[in-house]
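Grab a pencil and work through these exercises with the structure open beside you. Try each task yourself before you read its solution.

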Amino acid sequence: QGAYVVQVGTNLVDAPILVNLAKGGETVHAVGPDPLTIITDAPQVKETAPGPGARVNAARPSIYVTFSTLGGKGMDPATLQLIVDGKDVTAQATKTAAFISYFPAADLHEGTIGVQVKGADVAGNTLDFQWTFVISSK
């Protein structure tokens, strides 16, 4: 009866839905067939490659990001976007609920390379993470 407001910071993962109905002195209990998941915590970056501030000597380094989401529910792959050195490379990236990865088709320039990943988890909580690494043949 009535509406309930879920505050930010309230998280339920696979919580059972319990219903109690009382009428005329008798009570009936039921459990919903599907558990309830409410996630309000934003997803986090678990690991990047190359790592933030790393120096690599490969002109075509494998670039990837893995994600950490509450309850392991994962990211929505359709929302993931990867920008490398100012270029949107999402169409060439491999996207799953757990990671996004990209292998450059051409050499990247020496120097600082900026990377940005954006997306949302399956509950709609957003992520926008940026880092840089350095390509140096010396």
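Before we start, one term: two residues are in contact when they have heavy atoms within 4.5 Å of each other. Also keep in mind that this is a predicted model.

**Exercise 1. Getting an overview**

Task: Find how many helices and strands the protein chain has, and how much of the chain is buried.

Solution:
- Step 1. Go through the elements: there are zero helices and 13 strands in the protein chain.
- Step 2. Now look at burial, where the cut-off is under 20% relative accessible area. Of the 138 residues in the protein chain, 30% are buried.
- Step 3. Turn to the outside. The protein chain exposes about 8,600 Å², and 54% of that comes from carbon and sulfur atoms.
- Step 4. Check the contacts between residues at least 6 apart in sequence: 60% of them join residues at least 24 apart.

**Exercise 2. The sheet of four strands**

Task: Work out the strand order in the open sheet of four strands, and say which strands stand at its edges.

Solution:
- Step 1. Follow the pairing from strand to strand. The order is β5-β7-β11-β10, and the pairing is antiparallel.
- Step 2. Look at the two ends of that order. β5 (44-49) and β10 (94-95) each have a single partner strand, so one side of each has no neighbour in the sheet.
- Step 3. Zoom in on β7 and β11. Residues 63-68 make up β7 and residues 99-102 make up β11, and four bridges join these antiparallel strands. Here V65 sits opposite I100.
- Step 4. Move on to β10 and β11. Two bridges pair them in the antiparallel sense, with T94 opposite S101. The two strands form a hairpin, with three residues between them.

**Exercise 3. Two faces of one strand**

Task: Sort the side chains along β11 by the face they point to.

Solution:
- Step 1. Recall the general pattern: in a regular strand, side chains alternate between the two faces of the sheet.
- Step 2. Apply that idea here. I100 and Y102 in β11 point to one face and are buried.
- Step 3. Check the remaining pair. F99 and S101 point to the other face and are not buried.

**Exercise 4. The salt bridge**

Task: Which residue forms a salt bridge with D107, and which parts of the chain does the pair tie together?

Solution:
- Step 1. Start from the general idea that side chains of opposite charge can pair when their charged atoms come close.
- Step 2. Look for the partner. D107 forms a salt bridge with R60, and their closest N and O atoms are 2.9 Å apart.
- Step 3. Place both residues. D107 is in the loop between β11 and β12 (111-120), while R60 is in the loop between β6 (55-56) and β7, so the pair ties together parts 47 residues apart in sequence.
- Step 4. Compare each residue with the burial classes. D107 counts as exposed at 54% relative accessibility, whereas R60 is partly exposed at 37%.

**Exercise 5. D85 and its surroundings**

Task: Where does D85 lie, and which residues does D85 touch?

Solution:
- Step 1. Find the element: D85 lies in the loop between β8 (81-84) and β9. With a relative accessible area of 36%, D85 is partly exposed.
- Step 2. List the contacts, leaving out residues up to four places away in sequence. D85 touches H109, T112, I113 and G114.
- Step 3. Pick out a polar contact: the side chains of D85 and H109 are joined by one of 2.8 Å.
- Step 4. Look at the backbone too. D85 and V115 are 30 residues apart along the chain, yet their C-alpha atoms are separated by 6.2 Å.

**Exercise 6. The nonpolar core**

Task: Which strand supplies the largest share of the largest nonpolar core?

Solution:
- Step 1. Meet the core. It has 20 residues, and those touching the most other members are I63, F67, L82, V84, I100, V115 and F133.
- Step 2. Trace where the members come from. β7, β8, β11, β12 and β13 each supply at least two residues of this core.
- Step 3. Pick the winner: β13 gives the largest share, four residues.
- Step 4. Take V115 as an example. Beyond its neighbours within four places in sequence, V115 has contacts that include I63, L82, V84 and F133.

Terms used
Residues are numbered from 1 along each chain as its sequence is written. This is a predicted model: local features need pLDDT of at least 70, side-chain atom pairs count only at pLDDT 80 or more; totals for chains, interfaces and linings use all residues. Side-chain values use heavy atoms; hydrogens and water are left out. Two strands pair if DSSP finds at least two bridges between them. A salt bridge is a side-chain nitrogen of Lys or Arg within 4 Å of a carboxyl oxygen of Asp or Glu. Buried means under 20% relative accessible area, exposed over 50%, partly exposed in between (1.4 Å probe, protein chains only). Accessible areas come from the Shrake-Rupley method with a 1.4 Å probe; for residues, only the protein chains shown count as cover. A polar contact is a pair of N or O atoms within 3.5 Å; within protein, one must be able to donate a hydrogen and the other to accept it, and residues adjacent in sequence count only if both atoms are side-chain atoms. A nonpolar core is a set of buried Ala, Val, Leu, Ile, Met, Phe, Trp, Tyr and Cys residues joined through side-chain atoms within 4.5 Å.
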